Structure formats: structure tokens, C-alpha cells
Amino acid sequence: MSRPPLFPYLLSLLSFLACPAVIAAEKSTPSASLDLPATAVFSKGPNRFVGDVLEITKGRGATLGWYVRADKEEEVRVSIEYTCEKPLNQAYQLSFDGQDRFWDVAPTGEGDAAWERADLGTFRLRAGLPVLVLLVPPSGTTYGHPVRFRRLVLEGATPGNLSLIATPEEPAAPDASPGFGEKLKTRHPALESVDLRDESLTLRISGMAMRGADELLFTTWDGDLYRVDLPSLNEEGPPPFQKIARGLSEPMGLAVSEGRIFVTEKNEATELIDGDGDGFFETYRCLSHAWPCTMDYHEYLFGAVVRDGHLYFSNSVGMAARGKDNYQAPMRGSVVKVHLDTGATEFIAGGLRTPDGIGEGPGGALLVTDNQGEWLPANKLVHVTEGAFFHFRSIPPRHPLDRPVATPPAVWLPQGEIAASPTEPVLLPESWGPYAGHVVFGDSAYGGLQRVFLEEVGGDLQGAVFRFSQGYRHLFHRFAFAPNGDLYAGGIARGKDPDFIHRVSGLTRIRYTGGSVFEPLAARLRSNGLEIEFTTPLAAGEGWNPAAYHLAHWGYQATQTYGGQKVRHRTGGVRSATVSADRSRVFLELSDLVPGEVVHVRISPLLSGEGGGKLRSGELWYTANRIPEENPGKVLPPPPGALAGTDAHFRFSGGDTGRLLFQSYCAACHSLDDIKLAGPVLRGIAGTKRLVRDPVTGEAREIEADAAYLRQSILEPNALLAEGYPENLMPPIGAILSEEQIDALVEFIIESGKR
Amino acid sequence: MNRFLLYLACLCLLNSLPAELSAEEEAALPFDPERIRRLSLDGVPRSLSIRQGESVWIGYDLERATVMKIWRAPEGKPGLIVSNFTTRSSGEILRKGADKEDRWRWRRDGEFVEPAIRYLGCSQREGHFLLSWELRHGNAILTLLEKATFERGDDTAVRQLAVEGLGEGDELHAPGLGTGWNPLTTTLTGSKWHRFVLQP
């Protein structure tokens with residue numbers, strides 16, 4: 001006869017007796033450690049709880065995060081209590097206030113006895129700020145066995161220093177109108193433009209450059225090189241484009257240097273040579289192909305800049321495995337430098353994703369735009385410096401320049417707010433009046449031109465992005481300036497809709513007319529706030545009221561999941577507003593500047609300029625990587641009566657979560673007004689019959705487009721593909737939205753469609 | 001003619017000017033897609049295809065400087081199917097490409113070495129395309145040339161190879177030649193052109 005198992009009973013009894021004592025002790029002696037329980041994560045996504053244990057089988061759709069705060073800065077060690085029966089083929093990411101660690105989940109065995117604690121590393125915790133801790137599982141793979149976890153543990157050294165804080169609520173945004181929280185609808189009044197179209201041609205312009213003063217060259221995605229004599233351009237009739245080369249392989253960049261022509265093709269940098277001088281190119285010299293490539297459709301070489309005897313361009317990462325495994329061929333996501341004569345190749349920067357534009361900025365700075373996605377919570381304009389790493393991490397082998405702390409972008413370009421697929425940045429010449437020295441870039445999804453002002457702070461470039469101009473037919477991709485200051489802009493489109501591609505692709509001439517426009521021109525960071533310069537002076541007595549400026553601040557944290565949310569998103573913090581003596585500048589004294597964050601300024605549309613001019617747009621996003629020391633802005637008391645006035649500068653109608661989400665994540669590709677974009681039109685979609693295709697079997701079937709279908713399409717874009725649209729065209733935005741946000745988005749789409 | 005009519009006439013003339021090249025001009029433009037395609041072939045990212053004669057195509061692996069395959073297009077149909085900026089061969093395979101293990105070997109000063117290969121480009125010349133590669137071993141460099149003739153009356157696959165920079169007594173051994181080709185050798189010497197004809 002066996003003895004009764006007394007030990008477990010005794011253990012339970014001891015535990016029961018000990019518990020109140022422990023709690024009492026915790027009350028009297030604060031702990032130096034902090035539990036981050038699984039039950040407190042933002043969103044479990046498709047995973048499930050068993051008691052207080054979260055069983056994770058899939059990362060996409062889950063946001064396993066917590067906000068913590070330390071009263072004083074200290075180092076903390078992070079560990080996790082978990083079980084996992086079998087090895088995983090990919091690592092978990094721990095993103096701790098933007099610092100990354102990868103956790104190769106070691107199998108622990110089966111059952112309750114298998115609980116183990118794994119060390120996830122040591123981190124420096126900033127004082128006084130809500131700091132976001134994210135546990136990020138592999139994004140798209142669904143595992144047959146779960147990683148079960150109960151809690152993360154933060155261990156510091158100071159009792160009572162650490163606390164878990166409630167998730168900050170998304171702050172309300174003021175009501176929007178074009179130029180004020182919403183995309184502009186019209187062309188900039190100081191610009192005029194002409195579409196140089198030959199309706200018989202579909203020209204998806206992929207590279208542009210001037211050869212001499214009068215001759216514009218451009219490549220097309222379809223592999224041709226054209227020339228056009230600018231003096232021969234006539235606004236009547238089709239432009240006299242002449243094809244001078246063909247058979248190029250998906251060229252995405254073109255540069256001319258001392259009469260030599262360089263093209264970045266799909267898999268090689270190429271020099272085009274016209275040996276016999278007949279004007280056509282019969283030799284395609286391979287300048288370099290010194291990097292691996294695969295058959296991935298998304299591996300491109302983007303852009304082309306020649307300087308110092310070298311060709312500079314970037315190469316993108318593959319996308320075919322998006323949402324599954326982020327394996328990449330080595331050296332993808334680089335800025336590449338190739339000697340024009342020897343072909344000697346260097347990789348001067350890494351960590352890029354879809355860097356569809358390279359250009360020179362002020363002072364010859366090499367600038368690259370990059371597109372939101374995996375490891376990019378928003379779009380970026382980056383300043384390329386030797387050895388920089390811009391955060392896109394592939395599964396090993398990692399990029400040789402990969403390092404734990406990435407190089408921040410010069411300017412964040414928030415997704416849907418000011419960019420969606422940014423393209424080539426180009427420096428505005430002297431002839432562009434107050435905008436000279438600024439950078440504009442195009443966008444192959446958001447459309448139009450956006451403008452960037454850059455300044456040097458602490459030796460690095462940072463600055464602000466402004467709304468500039470919409471109202472163009474073409475989605476601009478590449479640019480070239482003629483010597484007279486005319487900007488030639490080439491449009492491009494992807495997708496499978498030939499009508500859409502034909503409509504938005506082609507050449508436009510944009511001319512600066514010098515017209516006066518009242519709008520914010522530049523923004524400069526000071527130790528204690530932000531100075532905004534306007535194109536023309538404010539009206540006398542205007543601009544002093546801090547209530548005329550709505551400020552929001554947030555940071556970004558890159559994860560291996562697609563996109564990202566704003567971190568520490570909060571509003572307010574304008575202490576005072578001081579107008580300069582010439583009334584062209586306003587200094588906003590701010591109480592809440594945090595290095596590395598975006599400062600978003602909405603300026604009241606009620607502000608008027610000298611002569612009563614109304615603001616054309618009132619918005620800017622400043623990226624405060626560094627806050628300048630000992631360079632304060634001047635704060636003055638407002639003149640008498642300057643704060644008078646009873647009109648509310650901003651209204652908050654509320655209830656527009658769905659609209660804002662649609663604007664941020666959907667509007668670039670889906671319209672609600674019958675205009676065909678890259679994705680299906682969503683106007684009146686609810687209740688209609690849709691033909692969808694199973695990507696695995698390829699079988700098509702008809703379904704009713706209801707809320708469940710929309711929801712599934714957001715969470716799993718490839719699950720039921722709209723007929724005629726390819727797999728992986730739509731990014732998995734559901735990965736970064738909460739259940740409530742998805743509900744709001746679906747409701748907005750359904751309700752908008754009824755109008 | 002009054003000024004308005006003159007204006008209308010000029011306008012009509014302008015509108016009638018072709019934006020694209022005429023068929024004649026188009027034909028004069030090098031890299032005719034009916035003769036050469038620089039898009040990836042059969043899942044090999046750095047490759048190209050050249051048509052010889054009426055219907056014989058040769059596909060090159062540019063990274064390895066080898067022939068991937070030689071095939072004949074189906075009668076009355078294209079030998080290349082183009083889709084999403086890639087190509088797929090179609091038709092009867094006349095010759096498979098060199099095995100992955102079969103590489104360029106350079107007999108240099110009596111020793112066999114395996115050179116590093118770098119594609120240098122493609123040029124359209126009178127009646128042929130000229131492909132070139134750099135073959136490097138240490139500081140020694142060879143230039144390998146392949147002439148792919150597209151203006152020929154018959155449908156025989158022919159390869160013409162030359163190498164520049166070989167030292168006296170040195171040899172270069174080509175992968176994929178030998179059996180099935182006339183002459184039955186894989187050896188390139190000197191700087192002269194070597195012509196190989198695929199046997200039926």
C-alpha cells in the first residue's frame with residue numbers, strides 16, 4: 001500500500017499560508033522587480049488563453065505589449081516564463097523601447113513541469129517616460145505547437161522604481177479638412193503643370209535624367225529608354241518621344257554623367273554605350289552585379305546618383321515570403337556604391353526595405369526614401385552615411401551592418417498621413433523661391449508632392465515634412481530638373497489594372513510661378529520648443545495664442561511584424577507661442593520634447609497672414625532625433641489683446657476612428673468613390689457578390705461581401721483574393737490593429753459605401 | 001493660305017507625327033525582343049536568351065558563363081513565354097546546360113585552377129550578339145567572349161568562343177562542350193575564335 005502524497009498538500013498549505021505574508025511584505029517593501037503578465041497584453045490576436053497562460057501559435061494580429069515606467073533610470077534584466085515543446089524555425093523579437101533582442105525559443109519539454117525561465121537580456125530603462133515593451137512572435141507562420149507564456153519579469157535594483165502602467169488611450173484628433181489633418185486636394189497655387197502625354201503609350205517612368213541642357217531621358221519599367229528634346233515640346237499634340245534603347249530588365253534608375261549613361265536594372269548596374277554614335281545603344285556593359293539575387297519579384301535596384309566617380313543606388317528586399325519567413329538573399333536592403341570605371345562595389349549602408357528613391361539633398365547629403373512595412377512602422381526619409389543601418393532585419397545571415405541600435409531616419413513620414421509609398425527625393429533649385437534648398441518627393445500611392453525641410457542638429461540631419469501639392473493625374477516616381485528650373489516628373493503604377501496604370505503613368509512638367517502662398521515653410525528645433533517659419537508674415541497680432549496650435553507627439557518602435565503603431569501617442573504641451581518681430585516666425589515653447597519622437601503640429605486654419613491671406617495648409621511633422629543644447633527659442637509675453645478671441649481653433653467631433661484608420665492604411669489603394677486605384681474599389685461593397693480566389697487551389701467562388709469578409713481580408717489579405725488581384729499585393733495591416741480598430745474600420749467602410 | 005489654315009495644317013502635321021518609332025526605325029534599334037531577351041529565364045535570375053536562326057534559342061547563365069539550355073520553339077509558336085518580367089522556355093530541348101559541377105577550368109602554368117567569373121555585358125554587333133565575362137585567378141585576368149549569331153539561314157545551334165589573355169601553353173576548358181558538339185573538345189587556346197556546332 002503506497003503512502004498518501006503528502007508533499008504536494010504540504011506545499012499547497014505552505015503556499016496558502018505564505019501568500020498573505022508575501023503580499024503584506026510587498027505592500028511594506030516595494031519590489032525591485034516587475035511582472036508583465038500575459039493577461040495584460042494589448043491584444044492576444046488569434047491566440048488563446050488557458051487560465052493566465054497565453055498559448056501563442058501565430059504572431060500576426062497579436063500585440064503582446066505593455067507600457068512600463070521607471071521613476072529613475074536604471075538597468076533592468078528581462079526574462080520570460082514559458083514552455084515550448086519543439087523548436088521553432090524563427091526567433092521571437094523583444095523590442096524594449098526600441099532596443100531589439102532576438103530570442104531563439106529553446107524547447108522545454110511537455111507539460112506543466114516544463115516551465116522554464118529564459119533570459120532575454122539587459123536594457124537601460126529611461127526615467128519618467130512610458131516605455132513600450134513588445135514581445136513579437138514570428139509574423140506569419142502558424143505553428144502546430146504553442147509557445148506558452150505566463151509573464152515577462154523585469155528585474156531592477158531599486159525597490160519600487162518600476163511600475164506597469166495602463167495603456168495610454170489614443171488621443172482625439174481635431175476635425176480634418178484638406179491641408180489640415182487631411183490630404184490636400186489641389187495643386188499648389190505657385191505651381192503650374194502640363195501633362196505631356198501620348199495617349200497611345202503607357203509610360204511607367206522608372207528613371208529620369210537630363211543629358212545636356214535640352215534633352216530629357218527617361219526609362220520605363222517595361223524596359224525602354226526614351227529621349228525628348230525639351231525645346232520641341234508643344235502643349236498641342238503628343239510629345240515627340242523617341243525610343244533610343246530597349247530590352248532593359250526592369251530599370252528603376254537612370255543617371256547621366258559626362259555623357260555616359262547608367263541604368264540600374266533588376267539585377268545589375270549597367271552602362272549603355274552607343275559605340276557607333278548613331279544615337280542608339282548597342283552595348284549594355286555590366287558595371288556590377290556583385291550581390292546575390294533570387295527570383296523574388298520585389299528585388300529591385302532603385303534610383304541612380306553619380307558623384308565622385310561612383311554610381312550610388314539602393315537595392316530592395318524580397319517580398320514573396322512576406323508574412324511567412326523573412327529570409328533574404330545576403331546584402332539586400334543596401335545602399336550600393338559602384339566605381340564607374342572598375343565596377344568595384346561597396347555596400348555603404350544597410351537595413352532598407354523598399355528604398356524606392358535616392359537623391360541628393362542640401363549640402364550634397366545622400367537621401368533615400370523607404371516604404372512602411374516589416375521593420376518600418378512608418379515611411380522614412382533617411383540620410384545615408386557610411387556604415388548606417390536603417391533597421392530592416394532579415395533572418396540570418398543578417399546584413400553585415402546590422403547592429404542592435406539602428407540609425408534613425410532624418411524624417412519619419414507617417415503612413416497614410418503624409419506618405420504611403422514615397423519615391424525619389426529631389427532638391428529644389430534656387431529658382432524655386434522660398435522653397436529653394438528644400439526637398440520634395442513623390443509617392444506612387446499617396447500621390448502628389450510632399451516637401452521636406454532639413455536642418456543639422458548635433459551633426460545629423462533631421463527636419464520636418466509638409467504637405468505641398470496634390471492635384472496631379474500621375475503618381476510621381478522619378479524627377480529631373482531642366483536648367484530653367486522646370487521640374488519633369490514621371491509617374492508609375494503597379495497592379496494589374498491596365499486602365500489605372502495607363503491613367504496615372506506618364507510625364508508631367510511642373511513649373512514654379514513664384515506666386516505668393518501663405519503656409520508653413522520651415523520648422524527648426526530649439527532646446528525648449530519648435531520654431532515655425534511661414535512663407536509670408538502673419539497678420540498683426542496673430543499667432544500668439546497657444547490654443548491655435550494642436551500638438552501631438554509619438555515615437556515608433558520597429559518590429560518584425562508589418563507596420564507599427566504610434567508609441568506614447570499624446571497631445572498638448574504648448575506652453576506659449578511667440579511671434580517674431582517680422583511676424584514670419586512663431587516659436588512654440590514646448591514642455592514635452594522627447595528625443596527620437598515625432599512632433600506633429602496642426603496649425604489653426606483661423607490664422608491669417610498679412611493682408612488677410614488664409615493658410616493653404618497647416619500641418620507639419622518634425623522628427624526630433626536630437627534636441628539641440630543651449631539653443632533656446634525666445635519666449636516673450638503676448639502683446640495686449642493677442643489672446644483675445646472666442647472662436648475655437650479646433651473642433652473635436654469624435655467618432656472618426658474608422659475614417660482615420662482608412663486614411664492611414666487603406667486609402668492609398670482603395671477608393672470609396674469609384675476611382676480605380678491599385679486595389680478594388682470599396683464603394684458600396686457591403687452586401688454585393690464578389691468573385692474571390694483561393695490562392696492555394698486557385699479556385700474562384702462567389703461570396704457575399706459582408707463585415708466578416710472585410711474583417712478577414714484585413715487580417716488575412718491572401719485568404720480570399722479578389723479575382724484579378726495577385727497574392728501579397730495587400731500588406732497585412734491587420735497585424736497592427738486592435739480588435740476595436742478593425743471593428744471601427746469595417747464599420748467605416750460599410751457605412752461610407754452606403755453614402 | 002491664310003494664317004488659320006496654316007496653323008491647322010501645322011497642327012495636323014504635328015498630331016500625325018508618330019511618337020513611337022516607325023517599323024523601320026524600330027527594327028534598327030538594337031536588342032530586338034524577337035532576338036534577345038534580357039529577362040530571367042526558367043527561374044535563373046541572371047540569365048538571358050538569344051535566338052539563333054528561325055527557331056533555336058540559347059539560354060545563358062550569366063553568373064556562371066555557361067549555357068543553361070538550347071531548345072527549339074514549337075512550330076509557329078514562340079520559344080519564350082514572357083510573364084511578369086520573367087521568361088519561360090517553350091519547345092523541344094536540344095541540349096541541356098552544363099551541370100553545376102561542370103565549371104570553367106583554367107590550366108595556368110601547368111596547374112588547373114577555377115577562375116572567379118564576372119559578367120561584363122552584352123553588345124549587339126553586325127549579325128550577332130557578343131557576350132563577355134572576366135575570368136580571374138589572383139591577379140591574372142582573362143576575357144571570355146561568346147559570339148551568338150542571330151542572322152543565319154539554318155536552325156543549327158552554334159557556339160563561337162574566344163579568350164583573351166591566355167599565356168603561352170595555357171588553356172581554358174569550357175563546361176558544357178565536348179560530347180554532342182563538333183569538334184569534340186572543351187579546350188580553348190590562344191586568342192582565336194573556336195566554333196562549335198551542336199550535332200543533331
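Start with helix H5 of chain A and colour its buried residues: they pack against helix H3 (657–665) and helix H4 (707–715) of chain A. Helices here are DSSP runs of H or I with at least four residues, strands are runs of E with at least two, and both are numbered from the N terminus. "Buried" means that 20 or more other C-beta atoms lie within 10 Å of a residue's own; 12 or fewer makes it exposed, anything in between is partly exposed, and the C-beta atoms are placed from the backbone. The buried ones to pick in H5(A) are A:Gln741, A:Ile742, A:Ala744, A:Leu745, A:Val746, A:Phe748 and A:Ile749.

Before you go on, two bits of housekeeping. This is a predicted model, where local features need pLDDT of at least 70 and side-chain atom pairs count only at pLDDT 80 or more, while totals for chains, interfaces and linings use all residues. Residues are numbered from 1 along each chain as its sequence is written, and chains are lettered from A and ligands numbered from 1 in the order in which they are written.

**Stop 1: H5 and H3 of chain A**

Select residues 739–754 to get the whole of H5(A). What span should its 16 residues have? At 1.5 Å a residue they should cover 22 Å, and the end C-alpha atoms are 23 Å apart, which agrees. (The expected span is 1.5 Å times one less than the number of residues.)

Now add H3(A). Its axis and that of H5(A) come within 8 Å and cross at roughly 90°; axes are lines fitted to C-alpha atoms, for helices over the stretch in contact, with angles from 0 to 180 degrees between N-to-C directions. The two helices are therefore roughly perpendicular to each other. That label covers 65 to 115 degrees; under 35 is roughly parallel, over 145 roughly antiparallel, and the rest oblique.

To see who meets whom, show A:Thr657, A:Gly658, A:Arg659, A:Leu661 and A:Phe662 from H3(A) with A:Gln741, A:Ala744, A:Leu745, A:Glu747, A:Phe748 and A:Ile749 from H5(A). Residues are in contact if their C-beta atoms, placed from the backbone, lie within 7 Å. By class, this contact has six nonpolar, three polar and two charged residues. Ala, Val, Leu, Ile, Met, Phe, Trp, Tyr, Cys and Pro count as nonpolar, Asp, Glu, Lys and Arg as charged, and the others, Gly among them, as polar.

**Stop 2: a covered strand**

Jump to strand S9 of chain A, residues 131–136, where six of six residues are buried. In a regular strand the side chains alternate between the two faces of the sheet. Turn on side chains: A:Val131, A:Val133 and A:Leu135 point one way, and A:Leu132, A:Leu134 and A:Val136 the other.

Next, select strand S4 (residues 64–70) of chain A, which runs antiparallel to S9(A) and is joined to it by five bridges. Strands pair if DSSP finds at least two bridges between them. Look for A:Leu64, whose bridge partner is A:Leu135. Strand S6 (residues 92–96) of chain A is also antiparallel to S9(A), with four bridges, and there A:Phe96 partners A:Val133.

**Stop 3: one serine**

Click on A:Ser79 in strand S5 (residues 74–84) of chain A. Is A:Ser79 buried, exposed or partly exposed? It is partly exposed, because 17 other C-beta atoms lie within 10 Å. Then click A:Asp119: the two are 40 residues apart in sequence, yet 4.4 Å apart in space, C-alpha to C-alpha.

**Stop 4: a small group of strands**

Show the open sheet of three strands, S48-S47-S49 of chain A, with antiparallel pairing. Strand S48 (700–704) and strand S49 (721–722) stand at the edges with a single partner strand each, so one side of each has no neighbour in the sheet. Five bridges join S47 (residues 689–693) to S48(A), and A:Lys689 stands opposite A:Glu704.

**Stop 5: where the chains meet**

Colour by chain. Where does chain B touch chain A? Here 26 residues of chain B are in contact with 28 of chain A. On the chain B side, helix H1 (3–16) and strand S11 (116–125) are the elements that give two or more residues, and S11(B) gives the largest share, six residues. By class, that side has 16 nonpolar, seven polar and three charged residues.

Finish on strand S22 (residues 283–288) of chain A, which pairs with S11(B) in the antiparallel sense over three bridges. Zoom in on A:Thr283, and you'll find it opposite B:Ser123.

Definitions and conventions. Contact = placed C-beta atoms within 7 Å.
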